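Work through the exercises below with the sequence and the model at hand. Each task is followed by its solution.

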There are 2 protein chains.
Amino acid sequence: MPTSSPPAGPVSPEVADIERALTRITYLSTRARQHERLMGLAGVPLDRAAVALLRQIADCEPQRPGELAHRLGVEPSHVTRTVQQLQKSGHVTRVPDPDDRRAQRIQLTELGRDAIARIREAGARGMQLALADWSPEELGRLATLFHRMVDDFLAYSKHIDDDREQEHEPTEAPPRGH
Amino acid sequence: MPTSSPPAGPVSPEVADIERALTRITYLSTRARQHERLMGLAGVPLDRAAVALLRQIADCEPQRPGELAHRLGVEPSHVTRTVQQLQKSGHVTRVPDPDDRRAQRIQLTELGRDAIARIREAGARGMQLALADWSPEELGRLATLFHRMVDDFLAYSKHIDDDREQEHEPTEAPPRGH
DNA sequence: TATTGTTATACTCTATAACTATA
DNA sequence: TATAGTTATAGAGTATAACAATA
């Protein structure tokens with residue numbers, strides 16, 4: 001089994017460019033300073049872990065902890081911990097899962113809903129200022145392309161995970177090819 | 001001095017959309033699992049902190065530790081620590097700064113140069129696969145817009161920092177306009 | 001027995017504070 | 001005295017491992 005797969009073909013310069021830009025902005029935007037600035041603007045005192053989780057909950061609630069962990073790409077124990085904090089601070093509540101008594105679904109409170117709205121608003125407002133020179137058409141094009149890129153990344157990532165799962169599971173059907 | 005600044009105007013839906021997509025991909029791409037996968041593909045055993053620093057060094061070498069810290073948005077002590085690791089592992093060396101004997105500039109070794117090339121290649125290759133359906137024109141448009149977005153973010157961020165500095169420093173010249 | 005979630009623990013990454021050396 | 005860097009320390013964020021409860 002070849003561990004370090006050999007180069008398989010050239011990479012387009014555009015993609016290489018995107019890769020650099022994305023890693024750069026990714027690192028910068030996850031620094032503590034940046035986070036503090038955002039929390040200051042939003043008037044919300046939450047740490048980074050809590051914000052990431054709260055965003056995910058807001059996207060589709062009520063959700064089970066396991067589902068949240070999966071979507072965020074973190075371990076379930078981390079979700080447990082962070083949910084407990086958010087519960088103490090009054091940003092989320094738990095409601096029993098009608099289908100499975102092992103689980104409890106996580107739901108935003110009014111405070112949590114308000115917090116996430118402020119955070120998103122503050123973040124978007126900062127971007128708006130940074131991109132003040134852009135025409136509405138340019139912004140629209142970027143939004144469309146970027147959104148599509150993220151969707152494709154997520155789909156590809158899911159695809160990879162499924163493949164990896166198959167490798168470890170006993171194959172039910174005989175493997176064909178490859 | 002108003003601490004929680006009141007809403008100052010509407011945010012365009014496009015920008016709000018970009019903000020969501022960016023934070024999502026940002027969080028996911030900085031998870032440990034994702035990093036391990038990348039290192040596996042690249043055949044390079046480096047932790048996240050080391051990779052971030054190595055990328056920055058590769059962008060413009062040789063650089064002083066303070067400059068690296070500034071560009072990465074981290075504290076100088078973190079750079080010190082990470083450079084020491086990279087030096088032990090043979091990815092960077094230090095050369096005396098001719099202009100300032102307090103500092104030593106950081107430079108990639110052959111191993112370091114190779115490592116960063118592999119990492120970038122592996123990252124870009126993964127993206128290429130995820131975006132396999134895109135036409136070259138679409139990729140080009142995204143690359144252009146995205147690159148410009150990142151540049152504008154950096155410029156805006158610098159602008160903010162400068163303003164903050166001025167607030168704390170005694171003004172030397174009388175402030176004119178704004 | 002398998003799945004879901006939690007508790008306990010440890011490790012990685014990064015910041016803060018105190019210190020050193022040169023400017 | 002101010003600046004650049006380092007050392008020492010601590011904290012936040014997240015993973016791993018062991019466990020409990022329900023399916």
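**Exercise 1.** Find what lies 3.2 Å from an N or O atom in the side chain of Tyr27(A).

Solution. Start at the side chain of Tyr27(A): the partner at 3.2 Å is a phosphate oxygen of DNA strand C. This is a polar contact, defined as a pair of N or O atoms within 3.5 Å; within protein, one must be able to donate a hydrogen and the other to accept it, and residues adjacent in sequence count only if both atoms are side-chain atoms. Next, go to Arg94(A), where a side-chain N or O atom is 2.5 Å from a phosphate oxygen of DNA strand C. Then turn to chain B: Ser77(B) has a side-chain N or O atom 2.6 Å from a base oxygen of DNA strand C.

The model is predicted; local features need pLDDT of at least 70, side-chain atom pairs count only at pLDDT 80 or more, and totals for chains, interfaces and linings use all residues. Residues are numbered from 1 along each chain as its sequence is written, chains are lettered from A and ligands numbered from 1 in the order in which they are written, and side-chain values use heavy atoms, with hydrogens and water left out.

**Exercise 2.** Describe the protein surface near DNA strand C.

Solution. Begin with the count: 25 residues surround DNA strand C (a heavy atom within 4 Å), and Arg31(A) and Gln84(A) are among the closest. Of the strand's atoms within 4 Å of the protein, 70% belong to sugar and phosphate. Next, sort the residues by class: 7 are nonpolar, 7 polar and 11 charged. Here Ala, Val, Leu, Ile, Met, Phe, Trp, Tyr, Cys and Pro count as nonpolar, Asp, Glu, Lys and Arg as charged, and the others, Gly among them, as polar. Last, look for the main contributor, which is α5(A) with 4 residues. Helices are DSSP runs of H or I with at least four residues, numbered from the N terminus.

**Exercise 3.** Which residues of chain B have polar side-chain contacts with a phosphate oxygen of DNA strand D?

Solution. One is Thr80(B), with an N or O atom of its side chain at 2.7 Å. Another is Gln84(B), whose polar side-chain atom lies 2.4 Å from a phosphate oxygen. For a contact to a base, take Arg102(A): a side-chain N or O atom is 3.4 Å from a base oxygen of DNA strand D. The helix giving the most to the surface near this strand is α5(B), with 4 residues.

**Exercise 4.** Find the aromatic pair and classify it.

Solution. Rings of Phe, Tyr and Trp (its six-membered ring) pair if their centres lie within 6.5 Å; planes under 30 degrees apart count as stacked, over 60 as edge-to-face and the rest as tilted. Over all chains there is 1 such pair. The ring centres of Phe146(A) and Phe146(B) are 5.4 Å apart and the planes meet at 20°, so the pair is stacked. Each residue lies in helix α7 (residues 136–168) of its own chain, so the pair joins two chains.

**Exercise 5.** How are chain A and chain B related?

Solution. Superpose by least squares on the C-alpha atoms of residues with pLDDT of at least 70 in both copies. A turn of 180° with a shift of 0.0 Å along the axis lays chain A on chain B with an RMSD of 0.0 Å. The copies are therefore related as by a two-fold rotation axis. Within chain A, the C-alpha of Thr26(A) comes closest to that axis, at 2.6 Å.
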